[in-house]
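Dear colleague,

I am passing on the structure below, and I would be grateful if you could look it over alongside the notes that follow it.

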Amino acid sequence: FRSAQLGAFGDAFGLHPVHGLKPEAVEAGSEKGAGYTAAKMIVRVAETGAVIPAVFFTPDDLSGAAPAVLIHGAGASALMDASGAPGPLAASLLAQG
């Protein structure tokens, strides 16, 4: 994951200055899975002190479909199985490209 990809992450998920806030996505590692890559990200908003862990799943066969953002009140782990692979909802979206 390089700075160009971080820029693409920001473009895809609207990480741009809003009301004076400047969120920043920082890579925290990545893993290759069966048919996808999972980039672990930390989104920080220095102005508020917010630190939001995120996982950016990219299908190997990217069809150009619009990105989807999944948020769960119990955190990202609720959207993954015990091994850290995408759970049913995330896997379904990845399969659609």
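Leaving out the residues within four places of it in sequence, Ala28 is in contact with Lys40, Met41 and Ile42. Please keep in mind while reading that this is a predicted model, and that the contacts and distances given here are computed from it. Ala28 belongs to strand S1, which covers residues 24-33, and with a relative accessibility of 47% it counts as partly exposed. Of its partners, Lys40 is twelve residues further along the chain, and the C-alpha atoms of Ala28 and Lys40 are separated by 5.1 Å.

Lys40 also takes part in one of the salt bridges, and a search of the whole structure finds two of these. In this one Lys40 pairs with Glu31, the closest N and O atoms being 3.0 Å apart; Lys40 is partly exposed at a relative accessible area of 36%, and Glu31 is likewise partly exposed, at 43% relative accessibility. Another salt bridge joins Lys32 to Asp60, where the closest N and O atoms are 2.5 Å apart. This pair links distant parts of the chain, since Lys32 is in strand S1 whereas Asp60 is in the loop between S3 and H2, 28 residues apart. Lys32 counts as exposed, because its relative accessibility is 56% and the cut-off for that class is over 50%, while Asp60, with a relative accessible area of 48%, is partly exposed.

As for the overall arrangement, the chain has two helices and three strands, and read from the N terminus its elements run α-β-β-β-α. Of the contacts in the chain with a separation of 6 or more, 34% are between residues 24 or more positions apart. Buried residues make up 23% of the 97 residues in the chain, and the chain exposes about 6,300 Å², of which carbon and sulfur atoms supply 59%.

Which residues, then, form the largest nonpolar core? That core has five residues, namely Tyr36, Ala38, Phe57, Ala85 and Leu94. Tyr36 counts as buried, because its relative accessibility of 11% falls under the 20% cut-off. Ala85, another member of the core, touches Tyr36 and Met80 once residues up to four places away in sequence are set aside.

Two of the core residues also meet through their rings, and the count of aromatic pairs in the structure comes to one. The ring centres of Tyr36 and Phe57 are 5.6 Å apart and the planes are at 75°, so the pair is edge-to-face. Because Tyr36 lies in strand S2 (residues 36-45) and Phe57 in strand S3 (residues 50-59), the pair ties together parts that are 21 residues apart in sequence.

The loop between S3 and H2, already mentioned for Asp60, deserves a separate look. Leu79 is found in this loop and is buried, with a relative accessible area of 17%. Apart from neighbours within four places in sequence, Leu79 is in contact with Leu70, Ile71, His72, Pro86, Gly87 and Ala90. Leu79 and Val55 are 24 residues apart in sequence, and their C-alpha atoms are 9.9 Å apart in space. His72 is placed in the loop between S3 and H2 as well, but His72 is partly exposed, with a relative accessible area of 39%; setting aside its neighbours within four places in sequence, His72 is in contact with Ala78 and Leu79.

Finally, on the surface, Leu70, Leu89 and Leu93 make a nonpolar patch of about 230 Å². Leu70 thus appears both in this patch and among the contacts of Leu79. Leu93 is located in helix H2, residues 88-95, and at 33% relative accessibility it counts as partly exposed.

If you open the model, the places I would suggest viewing together are the ring pair of Tyr36 and Phe57, the salt bridge between Lys32 and Asp60, and the surroundings of Leu79.

With best regards

Terms used: Residues are numbered from 1 along each chain as its sequence is written. This is a predicted model: local features need pLDDT of at least 70, side-chain atom pairs count only at pLDDT 80 or more; totals for chains, interfaces and linings use all residues. Side-chain values use heavy atoms; hydrogens and water are left out. A nonpolar core is a set of buried Ala, Val, Leu, Ile, Met, Phe, Trp, Tyr and Cys residues joined through side-chain atoms within 4.5 Å. Buried means under 20% relative accessible area, exposed over 50%, partly exposed in between (1.4 Å probe, protein chains only). Contact means heavy atoms within 4.5 Å. Helices (H or I, at least four residues) and strands (E, at least two) are DSSP runs, numbered from the N terminus. Accessible areas come from the Shrake-Rupley method with a 1.4 Å probe; for residues, only the protein chains shown count as cover. Patches are made of residues with over 30% relative accessible area and no salt bridge: like charges are joined within 9 Å, nonpolar side chains (Val, Leu, Ile, Met, Phe, Trp, Tyr) within 5 Å. A salt bridge is a side-chain nitrogen of Lys or Arg within 4 Å of a carboxyl oxygen of Asp or Glu. Rings of Phe, Tyr and Trp (its six-membered ring) pair if their centres lie within 6.5 Å; planes under 30 degrees apart count as stacked, over 60 as edge-to-face and the rest as tilted.
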